[in-house]
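Me: I'd like a close look at one part of this model, with its neighbours included. Start from a single pair of rings and work outwards.

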Amino acid sequence: MSGCCKRCRSNSIVHDDTSANLFCSSCGLVSEFDGYDAQIGGLNGPEGTFVRVGTSGTGTQYSYKETKIYNAQNLIDDIVYKFALSPSKSSDIKTMIAQITENEFGQGHWFPILIGACAYIVMRKDNKSLPIAEVASVVGCDIYELGRMFVRVVDFLGLKGSEEFPEFDIVVAFERALRNCGKFSGLGRDVVERMRKQGVFLIQCAVQWFLTTGRKPLPVVAAVLVLVAELNEVDLRIEDVAPEVHAAVSTCKSRYKELLESLVKVAQVLPWGKDVTVKNVVRNAPFVIQYMERKSMGKRGEKRKGVEEEEEKGGGIDLGDAVTESLRKNVEHGTSGNSVENDSLYFMAEENRGFVRSGGESFDQMKISHECLSLMYTEFLNEMGHEKFMEGSGEVPHRKGMRGFEFLACRDWWEGKSELSKKLLLKQILEKDVGLDALPPSFVNGCKVYKRRKEKINAAKLRINRIKHPLGTDLVESGDIGLSECVNAGKKRKRKRVKDIDWEDFIIEALLLHEVKEEEIEKGHYNTLLDLHVFNGGILPEVPVWKA
């Protein structure tokens with residue numbers, strides 16, 4: 001064996017057949033293993049041992065591009081399956097992605113976001129509302145990141161027109177949330193259908209009241225869903241619905257409160273409307289919604305036919321017939337029995353029938369307040385209840401709420417005959433009259449903020465004048481009191497409790513001292529006004545003029 005020992009520099013290198021190593025026979029040093037076998041000719045090993053350049057793996061003939069497209073299409077099918085879309089929608093999404101990427105598709109973190117944006121666009125083009133928050137949760141990205149991708153895709157495809165890209169349909173979103181809610185899985189079809197019609201009615205009323213203008217639609221869907229469930233005696237909380245519709249709990253509670261406040265405003269037409277508040281409006285909701293439903297069945301500014309006929313005859317409104325008709329309906333549905341309320345209704349019907357028709361006066365001309373009617377009704381119920389008890393009925397008569405019947409006694413309050421129970425266009429919704437013409441809450445809140453800023457400006461002006469003229473010059477100039485009284489008035493003012501002053505008051509004072517117009521301060525653009533008038537002094541820097 002050729003070779004030189006590294007230790008003793010001798011040529012006594014021997015090969016060991018047992019270990020296949022080389023060692024020096026003189027000093028015993030084992031040499032390093034060098035088993036490299038140069039292959040000059042062809043490969044003698046089995047097929048598949050060596051990976052060929054340009055293939056995706058052992059035993060395959062797919063290129064890198066083909067493998068990338070294959071994985072991308074599998075990812076598209078997986079995400080579309082989570083959205084429960086049809087195969088035709090999946091092909092539309094693939095076509096859209098191929099058009100955007102020029103048949104290259106892609107891989108990485110950005111590609112699932114692109115799939116989600118294309119899926120959202122395809123559903124919106126088909127007029128099937130798919131919430132963007134749900135898309136973001138399925139894709140696993142931030143909603144704002146998905147929104148930026150959505151804007152880029154819309155700009156690239158040129159889908160900016162309302163015909164090509166319709167608006168979000170809140171009615172479809174409510175129906176979808178109603179179907180997917182697990183709390184309603186055990187209910188019958190009739191109950192779910194009634195809840196769907198009631199929800200569509202309330203959703204379109206919320207649209208007319210501008211509760212959805214400039215807001216996210218899903219919190220309104222959650223609020224209506226909770227209210228409809230409560231009306232049909234289904235235990236459902238906002239905390240349970242908000243995660244299902246992918247909305248914030250606090251926002252859903254705010255929309256629910258605004259919806260109840262709108263119902264309270266409509267309830268003012270009831271005889272007991274002054275006592276209806278946000279806390280008890282749900283108990284009176286059947287009467288309120290029934291009134292809204294019948295009101296929407298007519299045209300705006302149109303009186304009912306029966307009322308016009310009675311007014312033309314001069315006989316007034318027959319309150320007795322109305323109460324008798326209500327009593328007859330309760331008897332037909334088996335909800336009357338021998339209750340004290342129905343006896344009182346019959347008594348009121350008989351009394352009012354003769355009084356109204358004989359007098360020839362309308363109910364409004366009687367000039368009887370709602371409080372007086374409520375007091376008379378309460379006293380009559382007490383008398384009737386006492387007589388029933390003294391006759392030996394064996395039990396104290398149970399009086400239901402004086403401000404409205406319970407849900408169990410009013411199962412027939414929902415008729416579903418209004419057109420608002422069906423999906424309508426925005427123009428048709430605004431033409432309906434549901435008993436309330438409300439302004440957008442954002443506009444109302446803006447007016448309140450505007451008024452609050454104006455009060456702060458006036459208070460700041462008083463504080464500035466008080467510092468500049470500590471002796472009450474404003475009172476002296478008016479000529480009402482003398483100087484000594486001004487001093488006493490100033491002392492009395494010091495005894496008053498001073499209101500808390502926040503950062504906004506200091507900013508307003510600084511702007512007023514720099515002679516900023518009140519109209520500009522009322523707009524609330526404090527940072528711009530401070531940069532323009534306070535920090536720069538309102539003076540532009542002089543530009544040097546170079547002379548030739």
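**One ring pair and its surroundings**

Reply: Let's start with Phe 201 and Trp 414: both are buried (under 20% relative accessible area with a 1.4 Å probe, protein chains only; over 50% is exposed, and in between is partly exposed). Bear in mind that this is a predicted model, where local features need pLDDT of at least 70 and side-chain atom pairs 80 or more, though totals for chains, interfaces and linings use all residues. Residues are numbered from 1 along each chain as its sequence is written, and side-chain values use heavy atoms, leaving out hydrogens and water.

Now the neighbourhood. Gln 198 sits in helix α7 (helices are DSSP H or I runs of at least four residues, strands E runs of at least two, numbered from the N terminus). With a relative accessibility of 3%, Gln 198 counts as buried. Setting aside neighbours within four places in sequence, Gln 198 is in contact (heavy atoms within 4.5 Å) with Val 228, Asn 232, Trp 413 and Trp 414. So Trp 414, half of our starting pair, turns up again in the contacts of Gln 198.

Next, look across to α11. From α7, the residues Phe 201, Leu 202 and Cys 205 meet Ile 289, Met 292, Glu 293 and Ser 296 of α11. Met 292 deserves a moment: not counting residues up to four places away in sequence, Met 292 touches Phe 201, Cys 205, Trp 209, Leu 263, Val 266, Asp 433 and Val 434.

Met 292 also shows up in the bigger picture. Along with Phe 184, Trp 209 and Leu 227, Met 292 touches the most other members of the largest nonpolar core, which has 63 residues (a core is a set of buried Ala, Val, Leu, Ile, Met, Phe, Trp, Tyr and Cys joined through side-chain atoms within 4.5 Å). Two or more residues of that core come from each of α6 (170-180), α7 (189-208), α8 (217-231), α9 (238-245), α10 (249-266) and α11 (281-296). Helix α8 gives the largest share, 12 residues. Apart from this core lies another, of 35 residues, with Ile 93, Met 123, Val 153 and Phe 165 among them.

For a spot that isn't buried, try Ser 254 in helix α10. Ser 254 is partly exposed, at 35% relative accessible area. Its C-alpha is 8.5 Å from that of Pro 219, which is 35 residues away along the chain.

Back to rings. The whole structure holds 5 aromatic pairs (Phe, Tyr or six-membered Trp rings with centres within 6.5 Å; planes under 30 degrees apart are stacked, over 60 edge-to-face, the rest tilted). One is Tyr 120 with Phe 150, edge-to-face, at 5.3 Å between centres and 80 degrees between planes. Tyr 120 belongs to helix α3 (residues 110-125) and Phe 150 to helix α5 (residues 143-157), so this pair ties together parts 30 residues apart in sequence. Tyr 120 and Phe 150 are both buried.

Our starting pair, Phe 201 and Trp 414, has ring centres 5.9 Å apart and planes at 70 degrees, so it is edge-to-face. Phe 201 is in helix α7 and Trp 414 in the loop between α15 (370-390) and α16 (426-431), so to speak a link between distant parts of the chain, 213 residues apart.

Zooming out, the protein has 22 helices and 2 strands. Of its 548 residues, 35% count as buried. Among contacts between residues at least 6 apart in sequence, 63% join residues at least 24 apart.
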